[in-house]
Amino acid sequence: MEHQNANESIKCTVSQCRYHLNGENYCSLDCIRVGTHEADPTTPACVDCNSFVKRTEC
Ligand code: SF4
């Protein structure tokens, strides 16, 4: 995988994501897409990072 740099404007703790920096709780993307799976979101649990991609080993 290419070298990844922390985007200090995007804090993230989702270590299962391929864009997450291990050891640093930051995203490595320049920008992310955020959305919701609810018709009427009311809590943080209602929204999602739609840029998430599951990390694969290898
Ligand atoms: S893409 Fe989303 S889930 Fe993945 S590291 Fe960035 S902010 Fe976190």
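A disulfide, for the purposes of these exercises, is a pair of cysteine sulfur atoms within 2.5 Å. The structure treated here is a predicted model.

**Exercise 1. Determine how many disulfides the model contains, and explain why C46 does not form one with C49.**

Solution. The first step is to find the closest possible partner for C46, which is C49, whose sulfur lies 16 Å from the sulfur of C46. The second step is to set this distance against the cut-off of 2.5 Å; the separation is too far for a bond, and therefore C46 and C49 are not joined. The third step is to apply the rule generally, which gives a count of zero disulfides. The surroundings of the two cysteines can then be added: C46 is buried, with a relative accessible area of 9%, whereas C49 is partly exposed, at 39%.

**Exercise 2. List the residues around the ligand and sort them by class.**

Solution. Begin with the list itself, which consists of I10, C12, C17, Y19, H20, C27, L29, I32, C49 and S51. Sorting this shell by class then yields eight nonpolar and two polar residues, with no charged residue present. C49, already met as the cysteine whose sulfur is the closest to that of C46, is one of the residues around the ligand.

**Exercise 3. Describe the secondary structure and the overall dimensions of the chain.**

Solution. Start with the elements, which come to zero helices and four strands and run β-β-β-β from the N terminus on. Next, consider the C-alpha trace, which spans about 40 × 25 × 15 Å along its principal axes. Burial follows: of the 58 residues in the chain, 21% are buried. The chain exposes about 4,700 Å², and carbon and sulfur atoms supply 49% of that area. Finally, of the contacts between residues at least 6 apart in sequence, 21% join residues that are at least 24 apart.

**Exercise 4. Locate H20 and decide whether this residue is buried or exposed.**

Solution. Place H20 first: this histidine is found in the loop between β1, residues 7-11, and β2, residues 26-27. With a relative accessible area of 4%, H20 falls under the 20% limit and is therefore buried. Beyond its neighbours up to four places away in sequence, H20 touches Q4, C12, T13, V14, S15, N25, Y26 and R55. H20 also belongs to the shell around the ligand, as does C12.

**Exercise 5. Compare the settings of G35 and H37, giving the location, the accessibility and the contacts of each.**

Solution. Take G35 first, which lies in strand β3, residues 34-36, and is buried, with a relative accessible area of 16%. Apart from residues up to four places away in sequence, G35 touches C46, V47, D48 and N50. G35 and C12, which are 23 residues apart in sequence, have C-alpha atoms 15 Å apart.

Turn next to H37, which lies in the loop between β3 and β4, the latter formed by residues 47-49. H37 is partly exposed, with a relative accessible area of 48%. Neighbours within four places aside, H37 is in contact with A45, C46, V47 and D48, and its C-alpha atom is separated by 7.4 Å from that of D48, eleven residues away along the chain.

As a last step, examine the side chain of H37, which makes a polar contact with the side chain of E38 at 3.3 Å and reaches the backbone oxygen of C46 at 3.4 Å. C46 thus appears among the contacts of G35 and also among those of H37.

How values were computed:
Residues numbered from 1 in each chain as written. Predicted model: local features only at pLDDT ≥ 70, side-chain atom pairs only at ≥ 80, totals over all residues. Heavy atoms only, no water. Near = heavy atom within 4 Å. Nonpolar A, V, L, I, M, F, W, Y, C, P; charged D, E, K, R; others polar. Buried < 20%, exposed > 50% of the residue type's maximum accessible area, 1.4 Å probe, protein only. Helix = DSSP H or I, 4+ residues; strand = E, 2+ residues; numbered from the N terminus. Contact = heavy atoms within 4.5 Å. Polar contact = N/O pair within 3.5 Å; in protein donor to acceptor, adjacent residues only side chain to side chain. Areas by Shrake-Rupley, 256 points an atom, 1.4 Å probe, with all protein chains shown as cover.
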